[in-house]
Amino acid sequence: MKPKIDYSIYLVTDRNLMSTPTLEIAVEQAILGGCTLIQLREKDLSTKAFYKLACSIKQITDKYGVPLIINDRIDIALAVDADGVHIGVDDMPIETARKMIGKNKILGVSARTIKEAVLAEAYGADYLGVGAMFATNTKTNAEIVTRDELIRICSASTLPIVVIGGINTERLSYFDGINIDGLAVVSAIISSNNIQNETQRMKKAFSYRRSADNKLNLDNIECAVFDLDGTLFNSNDLWEKIDIAFLSKRGYTVPPDYIVKVSALNFKEAALYTKTLFDLPETTTELINEWRNMAQYEYEHNIKLKPHTKAYLRKLKKRGIKLGVATNLPPSLFIPALKNNGIYELFDCYCTAENSKRGKEYPDFFIETVREMQSIPEKCLFFEDVLSAMKSIKQAGAKVCAVYDYYSRKDIPEILSLADSFIMSFSKAPSLYGRNY
C-alpha cells in the first residue's frame with residue numbers, strides 16, 4: 001500500500017553542495033532535524049555507483065521511517081525498492097512511469113504551468129514539484145514560475161504541492177496566503193554548516209507560516225448552474241458501458257471521441273447522430289427508448305455524486321446563491337438520482353435539453369437557462385465538464401467553471417484557455433472564482 005507522506009520538509013540531495021564528508025551523513029543530519037522526505041538526485045554517477053549509493057541512503061531512510069524518492073531513474077527506484085520516483089516534464093511520459101512503478105509507489109512530477117499540473121494529475125501523479133520559484137545555482141537554465149502561476153496551480157490541483165528552486169527560510173513569507181504542502185530544499189539545507197539545526201529552523205518557520213485564505217469569492221454572481229453527467233455525477237463511465245453494449249449488440253465498436261461528442265447533445269440529437277453515423281434501421285425514438293431503458297435502473301439506484309459536491313452546493317445555498325441544473329438528461333433519469341443523493345431540494349430550477357430545440361452545443365440553450373433562472377448571463381456561473389458546452393456558455397455571455405472529468409482529459413489545454421476557472425475537484429471550489437490560472 002502507498003505510504004502516507006508528510007511533504008513539509010523535502011530534501012533534494014546534491015553531493016556537489018554538501019558540507020559533510022559523505023551524503024549519508026548529510027541525509028541523516030537532515031532527518032534528525034525534522035526532514036520528512038528525501039529525494040536522491042544524481043545526474044553524473046554510473047548506474048552501478050548510483051545503485052550502490054541508493055542502497056546506502058535507503059538504509060538510513062528505512063532506519064528513521066522516512067520515505068525515499070529517486071529522481072528520474074525508475075530502474076534504480078525499483079532495484080532498491082524506494083518509496084517512489086520523481087520525474088520532470090521532459091522525462092518519461094507520466095502514464096508510462098505510473099505503469100512501470102505500479103499503483104503503490106509514489107510518483108512525483110515537476111510542473112511549471114497550470115497546464116502541466118493538470119495533466120500530471122490526470123495521468124497519475126501523486127504530488128507536484130512546482131518551480132523553480134527563484135533563480136538557483138543548481139539549475140541555471142530553469143524557468144522561473146511566477147507567484148500568480150503558483151496560485152493558479154494550487155487553486156486547480158487537488159494534489160500535494162511542494163515548491164522548489166532557491167527555497168530558504170528567509171523567503172518563506174513569499175508563499176504567505178498560498179496553500180502549499182511542503183518545501184523542496186537543496187542548498188539551504190545540504191550546504192549548511194549545521195544541517196540538523198538549519199532543518200529544524202526551516203521546519204519551525206514553515207509550521208508557523210500563514211495558511212491560505214480560502215474564502216469563496218462569488219462577487220457579482222447570483223446564480224450557479226450545474227451540468228450533471230461528469231460534473232456533479234460520477235456517471236460518464238455508465239454511459240461508456242451503455243454505448244459499448246448498445247453498439248456491440250449491432251456489431252460495432254465505440255469510435256474515438258464518440259462519448260464526448262454525444263455528451264453535449266440532447267437525446268434527439270444524439271439519436272440522430274448515432275443513427276446517421278452507423279446507418280441504423282431503428283427510428284430515433286426507438287434508439288432513445290432503448291438508451292433510457294438501459295440507464296433507468298442505474299439512475300434510480302446507483303448513480304453517486306462526485307466527492308465534496310453536496311457540501312459545496314449547501315455552502316452556495318447558504319450564501320443565497322440560486323442553484324440550477326442544465327443537463328441533456330431527461331427528468332425521468334436525473335430527478336431520481338438527485339433525490340437519492342439528497343440534493344434535489346437544493347435547486348431552484350431544472351433545465352433540460354430535452355425541452356429545448358437544440359442541445360448544449362448551442363448557446364441558445366444556455367441563454368434560455370439564464371432566463372429560467374430569472375437572471376442575466378453576466379451574473380451566472382456555469383459548472384461544466386465538456387468543451388463544446390463550455391464554448392456555448394461563453395458565447396451566451398456567461399462565466400464557466402470547468403470541472404475535470406476523465407473523458408474530457410484530451411481537451412484540457414483548450415479548456416484551460418477558455419474557462420474562467422478550472423477545478424480538479426469540488427474540494428477546490430471555494431477558491432475558484434476569478435480567473436485562477
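Glycine 34 is buried, with a relative accessible area of 14%. The model is predicted, and the glycine sits in the loop between α1 and β2 (37–40). The protein chain has 17 helices and 14 strands, and buried residues make up 54% of its 437 residues. The points below start at glycine 34 and the helix pair α1 and α8, then turn to helices α5 and α14 and to aspartate 411.

**Glycine 34**

- The cut-off for a buried residue is a relative accessible area under 20%, and glycine 34 meets it at 14%.
- With neighbours within four places in sequence left aside, glycine 34 is in contact with Ile9, Thr199 and Lys203.
- Glycine 34 and isoleucine 195 lie 161 residues apart in sequence, yet their C-alpha atoms are 10 Å apart in space.

**Helices α1 and α8**

- Helix α1 covers residues 23–32 and helix α8 covers residues 195–208; their axes come within 7 Å and cross at roughly 40°.
- α1 and α8 are therefore oblique to each other.
- The crossing of α1 past α8 is right-handed.
- On the α1 side, the contact is made by Ala26, Gln29, Ala30 and Leu32.
- On the α8 side, the contact residues are Ile195, Gln196, Thr199 and Gln200.
- By type, the residues of this contact comprise 4 nonpolar, 4 polar and no charged.
- Thr199 of α8 is thus named twice, once in the contact with α1 and once among the residues that glycine 34 touches.

**Helix α5**

- Helix α5 runs over residues 114–122, and 7 of its 9 residues are buried, so the helix is largely enclosed by the rest of the structure.
- The buried residues are Ile114, Glu116, Ala117, Val118, Ala120, Glu121 and Ala122.
- Helices that these buried residues pack against include α4 (94–101), α6 (147–156) and α17 (412–418).
- Strands in the same packing include β5 (106–111), β6 (127–130) and β14 (421–423).
- Glycine 124 follows α5 and has a positive phi, near 115°.

**Helix α14**

- In helix α14 (residues 331–340), the buried residues include Leu333, Phe334, Ala337 and Leu338.
- These residues are on the same side of α14, because they cover an arc of only 115° around the axis.
- Among the elements covering the buried residues of α14 are the helices α9 (236–248), α11 (267–278) and α12 (284–301).
- The strands β10 (322–327) and β11 (349–352) also belong to that cover.
- α14 is followed by glycine 342, whose phi is positive, near 70°.

**Aspartate 411**

- Aspartate 411 is located in the loop between β13 (399–403) and α17.
- Its relative accessibility is 12%, so aspartate 411 counts as buried.
- Aspartate 411 touches Val260 and Leu387, residues up to four places away in sequence not being counted.
- The helix α17 that bounds this loop is also one of the elements against which the buried residues of α5 pack.

**The chain as a whole**

- Taken along the principal axes, the C-alpha atoms of the protein chain fill a box of roughly 80 × 50 × 35 Å.
- Of the contacts between residues at least 6 apart in sequence, 65% join residues at least 24 apart.

How values were computed:
Residues are numbered from 1 along each chain as its sequence is written. This is a predicted model: local features need pLDDT of at least 70, side-chain atom pairs count only at pLDDT 80 or more; totals for chains, interfaces and linings use all residues. Side-chain values use heavy atoms; hydrogens and water are left out. Buried means under 20% relative accessible area, exposed over 50%, partly exposed in between (1.4 Å probe, protein chains only). Helices (H or I, at least four residues) and strands (E, at least two) are DSSP runs, numbered from the N terminus. The arc is that of the directions from the helix axis to the C-beta atoms. Contact means heavy atoms within 4.5 Å. Axes are lines fitted to C-alpha atoms, for helices over the stretch in contact, and angles run from 0 to 180 degrees between N-to-C directions. Angles under 35 degrees count as roughly parallel, over 145 as roughly antiparallel, 65 to 115 as roughly perpendicular and the rest as oblique. A crossing is left-handed if the near helix is turned anticlockwise from the far one by less than a right angle, and right-handed if clockwise. Ala, Val, Leu, Ile, Met, Phe, Trp, Tyr, Cys and Pro count as nonpolar, Asp, Glu, Lys and Arg as charged, and the others, Gly among them, as polar.
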